[in-house]
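Please work through the exercises below with the structure at hand, trying each task before reading the solution that follows.

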Amino acid sequence: MPAFRRSPLAAVLFCVLLAAGAWLAPARADDAVVRIGVLAFLSGDDTLQAWKPVREQLQRGLPAYRFEWLPLDHEGMRSRAARGELDFVITNPGHYVDLEAELGASRVLTLDSGEARPERAIGSAVVVPRTAEVPARLEELRGKRVALVSRDAFGGYQLLWRELLALGIDPDHAFAAWEVVGFPMTRVFDAVLDGQADFGIVRACLLESMPQYAERLRVLAPRDEPGFPCATTSRLYPDWPLATLRHTSPELAREVAVALLSMPRTAQGVSWAVPADYQSVHELFRELQIGPYAYLRAPTLMALAERYWQWVAALVMGIVVWVIYTVRVEHRVHVRTQELRAALEERQAIEARMRANQEQVDHLTRLSVLGELSGTLAHELNQPLATIGNYAQSVLRRADAGRLSEAASREAAGEIAEQAERAAAILARIRAFAKKRVGQRERRDPRAVVSEAVALFRGMLAQAPEVTLDDRLAPGMAVEMDALQIQQVVLNLLKNAYDACRDLGPERCSIRVGLSISAGVLRIAVRDQGPGLDPVIRARLFEPFLSTKADGLGLGLSICKTIAEAHGGRLEAREAADGPGMVFTLSIPAHD
Amino acid sequence: MTETHSRTVHVVDDDAAFRRSLVFLLESVGWSARAHASAEEFLEQCHAAHGDMACLVLDIRMPMMSGLELQQRLRAEGCAVPVVFITGHGDVELAVQAMKHGASDFLEKPFKDQALIDAVVAAVRKGDAARADVARREEALAVLERLSPREREVARLVALGWPNKLVARELDISEKTVHVHRQHVMEKTELGSAAELARLMLRADPHALDG
């Protein structure tokens, strides 16, 4: 932003001074006093001096009035006029148009400075050092530093502004630096000559009137304006008007007008003419969207954005942050929701799968137990198969040699049939055991269930060890259980007991199964005579996949424990109190 | 496979049907075969039937005395019968042990009938060879038994090719005495040369001429 905004402090000071002035200034008690405000572009005294011929003529022409001339700046003149403290104003055409719009100022006369016609008297000139060849055209001013009295200056800036805009140059962005030097306007010349700026903007004719500057400065791109005595870079506009204000009496206005019109040309060649047409000034202001036409500028979004860009940027930033935040939160909520939904679906799927596969799970546990027994079963099946093979091959050999007797044929065929049955029986046992079935609880006699398991176990082995049943149950006892699962446990314990003692010889390989009930708990205890268990192994006995056997899966006891717990019971292991071996005890509740 | 063998193959297996099938198979190729239900049962008959035994087909796993134990008992009792072991699945370690203790072969169940037959034939052949070795050693030992201790010393040095003079110096006796001992050795062993004497001594003891 260019640095010509008024500081708030200055504005406050100004208001204070105005208030003080209003207090000190004597009220307009005497109607014969006529106050004329004059725009001061020089110092106050110089301004009064410059208007001295006019002042004297007017006073002479209208002796009944006492004319008070007040040299004022733009704002001073506006505020005094607004308060009704001025009867007439003499100001530049731009300021006049402002006052006309705001305070109803009305031109009465236009100054005739003598050399140019009143309606084409004011222009703006761009001055550059005569030594500089460049710039030669206005377009070349882009990127240069400018010196001027004020951005509010009419001849000193605004006229040229219009010319720049016509060339598509926006002064707000085109120049490298703004050297705002203030009045008097000759400071602009000094700034250019001192090198503080590359060019200056002044009122046309100012340079021509000052030979000491004119010999070192020239006007850039002078227009061809016939009848205008000076070089001007801008178009020409009417000269200063004398204007009345709303409260000025028409009587007084007429008298002053007549007096000034009838006034002879002063020594400086100044006289007054009928009011010129200030339409060109209106056009200028409309194009520049300033003064009374500032409202044209206000609504454009770009203009607003330029003016309040910090606020706009902050707002945009805020919106962006808010949008990002919102999007992020939305996204996270979305992701979390997705995760939650996925987790829920997964859980539901697992539950559904578990429900659907409960039978399958049962089946698998049985298969696992079967796997534990498979080493033994493979050995069992090997026997009949090898036997059958031997007989069949022998028969073939004898037949080939022509020595196959009928007796031998019968013997071989009989043995083969017998062994085939033996194999089939083993397979049937496995299949019956592995067959899927829905788990069911029913009241069963524990003695019968355990006896069946023992019989099954002994039937699976060629050299089954001795199994004694220590039965301390009352006859006709019934306990609710899944008989097949309990049998799995018992089978497993029997198999373990057998594995523990099979290498120790038949006299040590006897297994005792105890059946007892006390305090509503049924106990099935399987006791072996083996070497017992290493404490480390014992501590981890029921963990899955722990096995001391080369071909073991390590699932047997883990599954047994699961079955025991499913019955609300327990599976425990301890060393036998009397002598070597382990006792595995399955306890399940027996509600009478 | 129509040849018949004078000697008997013995089968020891606790599975009755299986051991019967082995006997049936062996008889199909001309062997005479006898089945035994346990190691103990076999041991009782072993001594009686020693010379008649062609080989032993032995189940490595049996409830009372295992196959391995039986093998050791036979070695301890000098019953030099070749053994073919039959092992179950996963009994490789036992089989290795059996081979270390001089088993002829082992067969993992289930096996091809031809594999068993080949194993039995090879075992019998090995057994015969071992038996012949033993016979020849015993014969050589019997011949050398006829020599006095001094004559044996002289015979060893002669077999090594030493001239009489050196032998006399070594044993600190007269050359003439060496000559007499040498003559007695050749007469008692009924051999004609030092080379033949060396061969006899090596047959009796493969390390006889060492160091």
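**Exercise 1.** In this predicted model, determine how many bridges join strand E15 (residues 510-518) of chain A to strand E16 (residues 521-527) of chain A, and in which sense the two strands run. Then follow E16(A) to strand E18 (residues 582-589) of chain A.

*Solution.* Begin with E15(A) and E16(A), which run antiparallel and are joined by seven bridges. To fix the register, take A:Val513, which stands opposite A:Val526 in E16(A). Next look at the connection, where two residues lie between the strands of this hairpin, and where A:Ala519 in the turn has a positive phi of about 50 degrees. Finally, turn to the pairing of E16(A) with E18(A), which is also antiparallel and has seven bridges; here A:Leu522 is found opposite A:Ile588 in E18(A).

**Exercise 2.** Establish the strand order of the open sheet of five strands in chain A, and work out which strands stand at the edges.

*Solution.* Reading across the sheet, the order is E7-E6-E8-E5-E9 (chain A), and the pairing is mixed. Strand E7 (177-180) and strand E9 (217-219) of chain A each have a single partner strand, so they stand at the edges, and one side of each is left without a neighbour in the sheet. On average, and with direction ignored, neighbouring strands of this sheet are turned by 30 degrees against each other. As a detail of the pairing, strand E6 (residues 145-148) of chain A joins E7(A) in the parallel sense over four bridges, and A:Arg145 stands opposite A:Ala177 in E7(A).

The helices can now be added: helix H6 (residues 154-166) of chain A packs on the sheet and touches strand E5 (124-129), E6 and strand E8 (199-203) of chain A, its direction making about 110 degrees with that of E8(A). Helix H8 (residues 186-194) of chain A, in turn, lies across E5, E6, E7, E8 and E9 of chain A and runs at about 165 degrees to E8(A).

**Exercise 3.** Describe how helix H5 (residues 93-103) of chain A and helix H11 (residues 279-288) of chain A cross, and which residues meet there.

*Solution.* Two packed helices are described by the angle between their axes and the distance between the axes. For this pair, the axes come within 10 Å and cross at roughly 80 degrees, which means that H5(A) is roughly perpendicular to H11(A). On the side of H5(A) the residues are A:Pro93, A:Gly94 and A:Val97, and they meet A:Val281, A:His282 and A:Phe285 in H11(A). Sorted by class, this contact has four nonpolar, two polar and no charged residues.

**Exercise 4.** Check whether the length of helix H1 (residues 16-28) of chain B agrees with its number of residues, and find what this helix gives to the side of chain B that touches chain A.

*Solution.* At 1.5 Å a residue, the 13 residues of H1(B) should span 18 Å, and because the end C-alpha atoms are 18 Å apart, the two values agree. Several residues of H1(B) are buried, including B:Phe18, B:Leu22 and B:Phe24, and just after the helix B:Gly30 takes a positive phi of about 95 degrees. Turning to the interface, 20 residues of chain B are in contact with 23 residues of chain A. H1(B) gives the most to the chain B side, with eight residues, and that side divides into ten nonpolar, six polar and four charged residues.

Methods: Residues numbered from 1 in each chain as written. Chains lettered and ligands numbered in written order. Predicted model: local features only at pLDDT ≥ 70, side-chain atom pairs only at ≥ 80, totals over all residues. Expected span 1.5 Å × (residues − 1). Buried ≥ 20, exposed ≤ 12 C-beta atoms within 10 Å, placed from the backbone. Axes fitted to C-alpha atoms, helices over the stretch in contact; angles between N-to-C directions. Parallel < 35°, antiparallel > 145°, perpendicular 65-115°, else oblique. Contact = placed C-beta atoms within 7 Å. Nonpolar A, V, L, I, M, F, W, Y, C, P; charged D, E, K, R; others polar. Pairing = 2+ DSSP bridges.
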